[in-house]
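Trainee: Please take one part of this model, the packing of the helices against one another, and describe it closely. I should like the geometry of each pair together with the residues that form the contact.

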Amino acid sequence: MPVAESVSSGPILQWRSVWPTLPARHTGVDDILHEQQRLRQALQQTLGDLNRLAERTATLIGKPQAGIFGAHSMLLDDPDLQQAAYTRIAQQCCSAEQAWRQELEAVAADYRALDDDYLRARELDVRDILRRTLSYLQQQPIAPITLSEPVILVMDEIMPSEVVMLDRRLVLGICLSGGNALSHSAILAKAMGMPMVVGMSDCLLQTRSGQTAMLDAARGVLQLSA
């Protein structure tokens, strides 16, 4: 499904999104306050990132699009959501990672269950926040998408926070095996003038980095050179 319509040609760069690894951790009653403090600190670090992303987006695209990350901040800073995670840590003696993941996965599931297509696509925003917070908890920084030349990015999915950090001068187009045309990632890509096609399920299997291709976003076609 096309998002931003354009035709572009160039080398492919496959990029696979990586989530922080979460090793099994055993926590007890004596760890409750420590785990709650770990989560509190990670949430503040994530909030700082979201504020910087909003500022960058406002400068790069405009204030309406910056509101995407303002909405992320509102969700993250929801006192009821945070308290639910702190309570889960206390009652289940679980780690900060486990508590926050369970709370946000429940929120994402609620979005996926909605009938409205636009609202259902907001589940990606929730997972974007979750990944960032987990990266702080695990001290595993999220690797930025690093480009050294103009390329067609081929990925499974791309988070809104990843889109706005791209150097649009080096993005000939984006082709996703998953994704959603109504997601904030798609909205940001279109606003930045980056052609995007979503839902091309076999694009990662049928391509390789360095291969030359043409992306026709208007028709939703990725054509490989012979």
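**Helix packing**

Mentor: Helix 2 passes helix 6 in a right-handed crossing (the near helix is turned clockwise from the far one by less than a right angle; anticlockwise would be left-handed). The model is predicted, so local features need pLDDT of at least 70 and side-chain atom pairs pLDDT 80 or more, while totals for chains, interfaces and linings use all residues. Residues are numbered from 1 along each chain as its sequence is written, and side-chain values use heavy atoms, without hydrogens or water.

Helix 2 covers residues 63–76 and helix 6 covers residues 123–137 (helices are DSSP runs of H or I, at least four residues, numbered from the N terminus). Their axes come within 10 Å and cross at roughly 65 degrees (lines fitted to C-alpha atoms over the stretch in contact, with angles from 0 to 180 degrees between N-to-C directions). Helix 2 is therefore roughly perpendicular to helix 6 (65 to 115 degrees; under 35 is roughly parallel, over 145 roughly antiparallel, the rest oblique). On the side of helix 2, the contact (heavy atoms within 4.5 Å) is made by Ile68, His72, Leu75 and Leu76. Helix 6 meets these residues with Asp125, Val126, Asp128, Ile129 and Thr133. This contact divides into 5 nonpolar, 2 polar and 2 charged residues (Ala, Val, Leu, Ile, Met, Phe, Trp, Tyr, Cys and Pro are nonpolar; Asp, Glu, Lys and Arg charged; the others, Gly among them, polar).

Helix 2 also packs against helix 1, at an angle of about 170 degrees and with the axes 7 Å apart. Helix 1 and helix 2 are therefore roughly antiparallel. From helix 2, the residues in this contact are Lys63, Gln65, Ala66, Phe69, His72, Ser73 and Leu76. His72 and Leu76 thus belong to the contacts of helix 2 with both helix 6 and helix 1. Helix 1 contributes Leu43, Thr46, Leu47, Leu50, Asn51, Leu53, Ala54, Thr57 and Ala58. By class, the contact of helix 1 with helix 2 holds 9 nonpolar, 6 polar and 1 charged residues.

Helix 1 has a further partner in helix 3, residues 79–92, with an angle of about 155 degrees and axes 9 Å apart. Helix 1 is therefore roughly antiparallel to helix 3, and the crossing of this pair is right-handed. Ile32, Glu35, Gln36, Leu39, Arg40 and Leu43 of helix 1 meet Gln82, Ala85, Tyr86, Ile89 and Ala90 of helix 3. The classes here are 7 nonpolar, 2 polar and 2 charged residues. Leu43 of helix 1 takes part in the contacts with both helix 2 and helix 3.

Methods. Helices (H or I, at least four residues) and strands (E, at least two) are DSSP runs, numbered from the N terminus.
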